[in-house]
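Colleague: Could you take me through one part of this predicted model in close detail? I'd like to hear about a single helix and how far to trust the chain around it.

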Amino acid sequence: MGELVRVEHLKKYFNTPAGVLHAVDDISFSINKGETLGVVGESGCGKSTLGRTVLKLIDHTDGKIFFEGKDITNISKRENHELRKKMQLIFQDPYSSLNPRLCVYDLIADPLKTFHILKGEERQKRVFQLMDEVGLSKRFTYSYPHELDGGRRQRIGIARALALKPKFIVCDEPVSALDVSIQAQILNLLQDLQKQLGFTYIFVTHDLSVVRHISTDILVMYIGVMVEKSPAKELFERPLHPYTKGLLSAIPIPNIHHKKKEIVMAGELTSPINPKQECRFAARCPFATDLCRTQVPTVSEVFPNHFVSCHHVREINGI
Amino acid sequence: MSLLDIKGLTIHYITHQNTVRAVNDVDLSIDTGKTLGLVGETGAGKTTTALGILRLIQTPPGKIVSGEILFDGKDLLKESEHNIRMIRGNDISMIFQDPMTALNPIMRVGDQIAEVVYLHGDCTKEEAKERSLHMLETVGIRAERSTEFPHQFSGGMKQRVVIAMALACKPKLLIADEPTTALDVTIQAQVLKMINELKAVYNTSMLLITHDLGIVAETCDEVAIMYAGQIVEYGNLEHIFDNPKHPYTIGLFKSLPSLDKDVERLSPIKGLMPDPANLPTGCKFHTRCDHVCEDCKAIEPAYQEIEPGHFVRCLRVERGEI
Amino acid sequence: MRRKKETANIENMEMATRRRGQWRDILGRLFRNKLGTLGVIIVVVLLILIVFAGVFTKYDYSAQDFGSRFLLPSLEHPMGTDNFGRDLWSRLLYGGRISLLVAVVAVIIATGLGIVFGSIAGYFGGKTDLIITRLMDILMAIPALLLAIAISSALGSGPIKTAIAISISSIPHAARIMRSTVMSVKGNEFVEAAQATGSGNTRIIFKHILPNTIAPLIVNATLQLGGCIMSISGLSFIGLGVQPPTPEWGSILAAGRAYIRDFWPIIVFPSLFIVLTVFGFNLFGDALRDALDPRLKD
């Protein structure tokens, strides 16, 4: 399958009163059609900003974004508007992401109205079809979001994203606000839709078990930079970056026979404002040397399709 | 003898429109130094149970309809308001989910801890101050930070302060309501590790409310699974994790994406949690259960001990059919 | 094929009934609110009395009768007579036309412009916000009555001109409320969602932001109504607003001040009308705010 999205050296800086915040710093990746790139990281690591920058919902600072082989880095407002039909966003919070004054029908029909797609009965048919696709019963057509539970609200958000028949969807923590049993229903829905309609996803989350389940490749972010990227299963079987290892060991496993290597990482995320010329993980890394504290590591392909950004990746892993 | 013994606790929220049956006939017990995990989804009644133990249910609309809460042999429901206030914070303390709102933003963190100590312990202000510094050190915060304000701390650090405050009076029972849900995984691991260590040092019992079975596996001794205001299954870790009986417990496990096994599709529990103002008849879970039979819809299953220490509330398990 | 069409039609019908039901919902919620119903009744009764003033009065509002000055309320004169022997009841009913018309128009102008300025400032932020906010601050810095005097002496007298004059000084209030509400609504993810689905600024403002900001504005508007009635009287008092002998609540009240110790009806009844109007609109406004919010179904 061909490549749908490619991002090269993408940077997004914000000017804050305290200095320049490096939300996304020099990240490159590509996603093939019909595949899912999982983006994991802790809160404040820039993963949501990455998703929105790729969607061109916020302006990037530097780098290039390609969509369907076309450079969309510097497109006009009009082209960006047209692009909305092809790329969409699903939000984390099914409460604040739905306008409380609109009923389900109007919420789902909103994108169609914006683009003047379909009229009258045709539009109505499309809305009902979308509701059917995401598993929303017709009896909720004129319900308001506050009358529905989190899972159903998230289904509305998904239907709204599907309305314009996009090819590429960024899911920003779509199941984090939901209970486990509902979370599983929504994950299944997203996977089924991908199979039926051939979507390509970026799946942003902090939940590693979810990301393993749904992704083809996983990109691990730490304070704006990519520390590791590899096929999903490989990342869990053979994590190479010390941060990834720490992150994986920190997940509580619902299995009492699971013996885990205890790597409790000390400290917390350092500030992404005016970062120094160093490996950003150096402050928390048990293997950090002077080299790490003076030089930014480059990304290297350690195994096929397995990228790591660490000075000492080979020594640490004995390869 | 167990430190906390709850029998038949029933809490309703009564408004003029309806009655929300938040907690129905809950039995729980925690031994000294042990941790009980209370697991359930949003609206299962976990937090209401915890607030009920502290007698913090807002009345009206809330009402503890029946039951007894034996703490150290005394029934908390029969204690005077004054005694309860002395027990809160002193013998039983609580950690809330959101560390951001649990601290007073205009008070120095050291003073906040010292205040709790001073209110409950028979000590001078100086001693309280000293104790607060000691507690901060205990939770891994340097004592010189005691003069800082909450906004100068990160989320994980704030939760440490909250924990320091909760443990300052050496409570016998600590109720932790989703203490790490607002934190990142690596911070969560730090905080959980710290809670476990401190619990061992002070020999504190803990009621850990969570929706995360992974946390339960790592920190608890016993587990109670709650659904629609009832305990549907109760047992030690082996009972629940290796030999779950109730269809809801089994469903919860099947809903979780695994970190080591490849599952093409998850098998979620179908449907939604019933409205607690309008609970179904018979078994509360029958509307979502794969093993439902006609009797389930009519007969309310009893809370049965199926093997020593392993309780299940399911008709068909009781009859040995599943 | 036909069958498909039929089901579509049935769905259409269902939709139509449900949509109408939504309006019925709003009205239902409005009248389920007892205080709101009271507000509606007060407003409607006042409007009927004022609009059809001729039906309810038997005296000309400007007919002077020096033989019957300062009469206490009686069957003949339900609210007594004033210092010129004019029937107060007639004067108050006819006066309500001017007072209410001017006040309502002034509030509509003030709220309308407040919405425009406030939402532009709140939505776009940055320099636009800075300029608009400073302009509003300047307007606010000038005492309201002074501003109204200046504008109305420039425009001249007459109900609409008076309305414009007093509305100008009310704009900053509405604009400030609007600005802060828009800023908080803008922070919601559904606004970002609308951007993500390609909505332009106009659509976002009108479809997603404005409907979520009406609550505080309605309350503000109903509160300003009373202030406006009083402002009109202030202008009339110094000869800029409505010219005598045209009656108007504020000026009746102002004229009655001289007799406050000796003759109570001339103070009490105009005040009563003003208070009832403000009260009625206030209750109505509160109820309307709640009724328009689908989140408050019960």
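Modeller: Let's begin where the helix stops: just after α4(C), Gly125(C) takes a positive phi of about 65 degrees. Now step back into α4(C) itself, which covers residues 88–124 of chain C, 37 residues in total. At 1.5 Å a residue that run should span 54 Å, and the end C-alpha atoms lie 52 Å apart, so the two figures agree. There is a bend to look at, though: α4(C) turns by about 30 degrees at Gly95(C).

On the far side of Gly125(C) you get helix α5 of chain C, residues 126–141, whose mean pLDDT of 93 is the highest among the elements of that chain. The lowest belongs to helix α1(C), residues 2–32, with a mean of 56. Over residues 1–17 of chain C, pLDDT stays under 50, and the model has nine contacts beyond four places in sequence for that stretch. Where pLDDT is low, the predicted coordinates should not be read in detail. I'd keep that in mind when you scroll to the start of the chain.

As for the wider picture, chain C has a mean pLDDT of 82, with 91% of its residues reaching 70 or more. The model as a whole scores ipTM 0.83 and pTM 0.83. So much for confidence; back on the helix, the two glycines to click on are Gly95(C), where α4(C) bends, and Gly125(C), with its positive phi just after α4(C).

Definitions and conventions: Residues are numbered from 1 along each chain as its sequence is written. Chains are lettered from A and ligands numbered from 1 in the order in which they are written. This is a predicted model: local features need pLDDT of at least 70, side-chain atom pairs count only at pLDDT 80 or more; totals for chains, interfaces and linings use all residues. Side-chain values use heavy atoms; hydrogens and water are left out. Helices (H or I, at least four residues) and strands (E, at least two) are DSSP runs, numbered from the N terminus. The expected span of a helix is 1.5 Å times one less than its number of residues. The bend at a residue is the angle between axes fitted to the seven residues ending there and the seven starting there. pLDDT is the predictor's confidence in each residue, from 0 to 100. Contact means heavy atoms within 4.5 Å.
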